[in-house]
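Subject: Structure for your files

Hello,

Here is the structure I said I would pass on. My notes on it follow below.

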Amino acid sequence: MKSEMIVHPIEAVFDERSKILILGSFPSVKSREYGFFYGYPQNRFWRVIAAVCGEDAPTTNDEKRAFLLRNGIAVWDVIYSCEIVGSADSSIRNAVPTDLEKILEIADIQQVFTNGKKADELYKKYQFHTTGKAAVCLPSTSPANAAWTFDRLCEKWKNELNKYI
């Protein structure tokens with residue numbers, strides 16, 4: 001499969017009440033097709049974050065957006081555009097970072113979290129020097145992270161996020 005230059009097709013979700021910012025790396029093929037974050041059905045993000053917040057997992061894009069805003073959660077990605085093969089984070093080349101300033105100027109972000117090691121690595125490389133905010137790396141909700149069961153993910157995410165939401 002050939003790499004292609006892709007521009008991030010999904011707008012950041014945040015408002016002035018957002019207290020935490022969760023950053024992924026770059027949307028998967030399924031998320032780009034779906035038009036919203038974590039659109040791949042096997043990705044555990046929505047089930048995990050719903051469990052953390054004590055709510056049912058949202059299903060539609062509108063429900064997901066409302067859920068995030070209601071719970072003070074901003075979601076965006078570290079990379080705005082890049083060359084990528086399919087959904088493989090390991091194939092990301094020629095990355096251009098997202099502009100996090102628009103979120104940080106409006107929202108009172110108390111903590112930045114990265115969803116997985118690749119997002120954390122990219123955040124440190126492209127974003128930390130601008131934001132000055134250290135990120136907490138959470139285990140990836142991707143199904144490729146099979147070492148982390150759903151219950152373990154929920155426990156770890158809850159322990160970290162409940163300090164802020």
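**P139 and its surroundings**

P139 counts as buried because its relative accessibility is 11%, and the cut-off for buried is under 20%. Please keep in mind throughout that this is a predicted model. P139 sits in the loop that runs between β7 and α7. Leaving out residues up to four places away in sequence, P139 touches N115, G116, N145, W148, L153, K156 and W157. From P139 to S81 there are 58 residues in sequence, and the two C-alpha atoms are 23 Å apart in space.

**G24**

A second buried position is G24, which belongs to strand β2 and has a relative accessible area of 4%, so G24 falls in the buried class. Its contacts, again without residues up to four places away in sequence, are Y38, W76, D77, V78, N115 and A119. N115 therefore appears in the contacts of G24 as well as in those of P139, the cut-off for a contact being heavy atoms within 4.5 Å. G24 and E155 are 131 residues apart in sequence, with 19 Å between their C-alpha atoms.

**Helix α2 and the core**

The largest nonpolar core has 47 residues, and those with the most contacts inside it are L21, I22, I49, W157 and L161. Helix α2, residues 45-53, gives this core its largest share, which is seven residues.

How many of the residues of α2 are buried? Seven of nine are, and the helix is mostly covered. The buried ones are F45, W46, V48, I49, A50, V52 and C53. These residues pack against β2 (20-24), α3 (61-70), β3 (73-77), β6 (111-115) and α7 (150-161). I49 can serve as an example: beyond residues up to four places away in sequence, I49 touches I22, F67, I73, W157 and L161. After α2 comes G54, with a positive phi near 70 degrees.

In α3, the buried residues are K64, F67, L68 and L69. They pack against α1, α2 and β3. Just after α3, G72 has a positive phi of about 70 degrees.

**Aromatic pairs**

The search of the whole structure found eight aromatic pairs. One of them is Y38 with F45: the ring centres are 4.1 Å apart and the planes are at 15 degrees, so this pair is stacked. F45 also pairs with W46, where the centres are 4.9 Å apart and the planes are at 90 degrees, so this pair is edge-to-face.

Are Y38, F45 and W46 buried or exposed? Y38 counts as buried at 12% relative accessibility. F45 is buried with a relative accessible area of 0%, and W46 is buried with 5%. Ring pairs join F36, F37, Y38, F45, W46, F67, W76 and W157 into a cluster. Of the residues in this cluster, F45 and W46 are among the buried residues of α2, F67 is among those of α3, and W157 is one of the residues with the most contacts inside the largest nonpolar core.

**Two backbone angles to look at**

Most residues other than glycine have a negative phi. Y38 has a positive phi, near 55 degrees, and is not a glycine. Y38 is placed in the loop between α1 and α2. N94 also has a positive phi without being a glycine, near 50 degrees. N94 lies in strand β5, residues 93-97, and counts as exposed because its relative accessibility is 51%.

**The largest pocket**

The volume of the largest pocket is about 660 Å³. It is lined by 30 residues, and the closest to its centre are S25, N43, D89, S140 and S142. Which elements each supply at least two residues of the lining? They are α1 (29-34), α5 (117-126) and β7 (135-138). By type, the lining divides into 13 nonpolar, twelve polar and five charged residues.

That is what I have for now.

Regards

How values were computed
Residues are numbered from 1 along each chain as its sequence is written. This is a predicted model: local features need pLDDT of at least 70, side-chain atom pairs count only at pLDDT 80 or more; totals for chains, interfaces and linings use all residues. Side-chain values use heavy atoms; hydrogens and water are left out. On a 1 Å grid over the protein atoms alone, a cavity is a set of points where a 1.4 Å probe fits but cannot get out, and a pocket is an open set with protein on both sides within 12 Å along at least five of seven lines; lining residues have an atom within 4 Å of a point. Grid points are joined across faces, edges and corners, and a volume is the space filled by probe spheres set on the points. Helices (H or I, at least four residues) and strands (E, at least two) are DSSP runs, numbered from the N terminus. Ala, Val, Leu, Ile, Met, Phe, Trp, Tyr, Cys and Pro count as nonpolar, Asp, Glu, Lys and Arg as charged, and the others, Gly among them, as polar. A nonpolar core is a set of buried Ala, Val, Leu, Ile, Met, Phe, Trp, Tyr and Cys residues joined through side-chain atoms within 4.5 Å. Buried means under 20% relative accessible area, exposed over 50%, partly exposed in between (1.4 Å probe, protein chains only). Rings of Phe, Tyr and Trp (its six-membered ring) pair if their centres lie within 6.5 Å; planes under 30 degrees apart count as stacked, over 60 as edge-to-face and the rest as tilted.
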